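Dear colleague,

I am passing on the structure we spoke about, with the sequence alongside it. Please look through it first; my notes follow below.

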Amino acid sequence: MRRLIGCLFLFLMLAGSFSLPAQKKQETPAAIKPGEIWPDTDGKHINAHGGGILFHKGTYYWFGEHKTAGRGGNSTLFGVGSYSSKDLTSWKNEGIVLKVEQQDTTSEIIKGCVIERPKVVYNAKTKKFVMWFHLELKGKGYEAARTGVATSDSPTGPFTYLKSYRPNAGVWPINVPVSLKEKQVDETNLKWWTPEWTKEVQDGLFIRRDFAQGQMARDMTVFVDDDGKAYHIHSSEENLTLHISELSDDYLSFTGKWSVLAPAGHNEAPAICKRNGKYYMITSGCTGWDPNAARSFVAESIMGPWKALGNPCVGEGANLTFESQSTYLLPVQGKKDAFIFMADRWHPKNPIDGRYVWLPLQFEDDKPVLKWQDSWDLSVFDQKAKEKKASTRKDKAALR
């Protein structure tokens, strides 16, 4: 009996020396911390301001303005920068993908021009990556108000600059009545910023002024719809009105089909997404580098009509969009109705230090809602999906 107990004890001791394979720990998603320094994989603060993100073949590519230090840092001295990521938190610097010309003074994108808000989309028909951006010519301040386009065979460049536009020259928007096209206005005693002047802007004063040369194009974004059609959305008419313009099938020019959104409403920094067949847009007011309260809109058709929904931000800091300005609404791959609100916290005295404010975009009663979070991760979308599913079950049970 003692021998049997001893053998059993020895067996248990030997068995204990062999460990079972350890279960793989589920990794906690990395945190996104709005407004803080965001280091890339080299430990340097990400330099991609006013940017947008393209998802292609399992990788996210972040394109943005490459800023430099000091007060002159808003002039484009190098070009458009890019970063790549698999998880939206760890970003690898892919370098300058659109370089400005250093010597050729005849080029529109000579060193010292202003390139803002670059957005890149992929054209499945041409197999080209197409970049659009707001372009101001060197030494001209902000009077050029043009939009430029470049292409590449790779998301990491190099991109080749093609040309710039004043969009929709000689073409009327689809939602302006005939009576306003032919309206004659005596501007002799019409003073800017008066109610009378604002009413005339609403009635197409600047559209008629810029009809022949093309409309102004400043803050902008590009949106590709489910059917592959692409749209260029830009602040126009002295930053007073947003224009929505359909792009050609190759995404390199304008078809001439366009509409106006919130004429004389002082909107810029457009960012757009599509959810449940509806288009949602978030914009900012026009207060220079200073933050203001965001605005939101919804439409059944991208060409409108658009309905104003008010400020999407709630809570402390909502009246200044948490000290930031919108730049892009990013769909999170693999998650239904999951979008990230991307915004910039500008530092005009030292632009390279500009920070990024990323927040999960929520929807309540079919309205976009933004709430401040010091730190968050992508699991928030899984939690929201679970809550929505549980709510749906509860509603169904109540109907039985």
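Please keep in mind throughout that this is a predicted model.

Overall composition

The protein chain comprises 5 helices and 21 strands, and of its 400 residues 49% are buried. Among the contacts in the protein chain between residues at least 6 apart in sequence, 51% join residues that are at least 24 apart.

The sheet from β13 to β16

Four strands make up an open sheet whose order is β13-β14-β15-β16, with antiparallel pairing. Its edges are formed by β13 and β16, each of which pairs on one side only, and neighbouring strands in this sheet are turned against each other by 25° on average, direction ignored. Between the antiparallel strands β15 and β16 there are 4 bridges, and here Phe297 is found opposite Ala308 in β16. The loop that lies between β15 (295-299) and β16 (306-310) contains Pro305, and the peptide bond leading from Gly304 to Pro305 is cis, with omega near 5°.

A further cis peptide bond, with omega of about 5°, joins Gly157 and Pro158. In that case Pro158 belongs to the loop between β7 (146-152) and β8 (160-165).

Positive phi angles

Glu237, although it is not a glycine, has a positive phi of about 50°. Glu237 sits in the loop between β10 (230-236) and β11 (241-247), and is it buried or exposed there? With a relative accessibility of 1%, Glu237 counts as buried, because the cut-off for that class is under 20%.

Ala262 is likewise a residue other than glycine with a positive phi, in this case near 50°, and its place is in the loop between β12 (254-261) and β13 (268-275). The relative accessibility of Ala262 is 26%, so this residue counts as partly exposed.

Helix α3

In helix α3, which covers residues 195-202, the buried residues are Trp197, Glu200 and Val201. They span an arc of only 100° around the axis, and therefore lie on the same side of α3. As general background, an α-helix has 3.6 residues a turn, so residues three or four places apart point the same way. The buried residues of α3 pack against α4 (205-209), whereas the face of α3 that is turned away from the buried side carries the exposed residues Pro195 and Glu196. Just after α3 comes Gly204, which takes a positive phi of about 95°.

Aromatic residues

I count on your interest in the aromatic side chains, of which the structure holds 25 pairs. One of these is formed by Trp62 and Tyr356, an edge-to-face pair with 5.0 Å from centre to centre and 75° between the planes. This pair links distant parts of the chain, since Trp62 is in strand β2 (residues 59-65) and Tyr356 is in strand β20 (residues 355-364), 294 residues apart. Trp62 and Tyr356 are both buried, and they belong to one aromatic cluster together with Trp38, Trp91 and Trp358.

A charged side chain also meets a ring elsewhere: Arg275 lies over the face of Phe363, at 4.2 Å from the ring centre.

Asp249 and its surroundings

The last residue I would point out is Asp249, which is located in the loop between β11 and β12. Its relative accessible area is 46%, so Asp249 is partly exposed. Which residues does Asp249 touch, if those up to four places away in sequence are not counted? The contacts of Asp249 are with Asn123, Lys125 and Lys229. In addition, the C-alpha atom of Asp249 is separated by 7.8 Å from that of Ala230, a residue 19 places away along the chain.

To go back over what may deserve a second look on the display, I would begin with the cis bonds before Pro158 and Pro305, then turn to the buried Glu237 with its positive phi, and finish at the aromatic cluster that includes Trp62 and Tyr356.

With best wishes

Notes: Residues numbered from 1 in each chain as written. Predicted model: local features only at pLDDT ≥ 70, side-chain atom pairs only at ≥ 80, totals over all residues. Heavy atoms only, no water. Helix = DSSP H or I, 4+ residues; strand = E, 2+ residues; numbered from the N terminus. Buried < 20%, exposed > 50% of the residue type's maximum accessible area, 1.4 Å probe, protein only. Arc of directions from axis to C-beta. Contact = heavy atoms within 4.5 Å. Pairing = 2+ DSSP bridges. Axes fitted to C-alpha atoms, helices over the stretch in contact; angles between N-to-C directions. Phe/Tyr/Trp six-rings, centres within 6.5 Å; stacked < 30°, edge-to-face > 60°. Lys NZ or Arg CZ within 6 Å of the ring centre and 35° of its normal.
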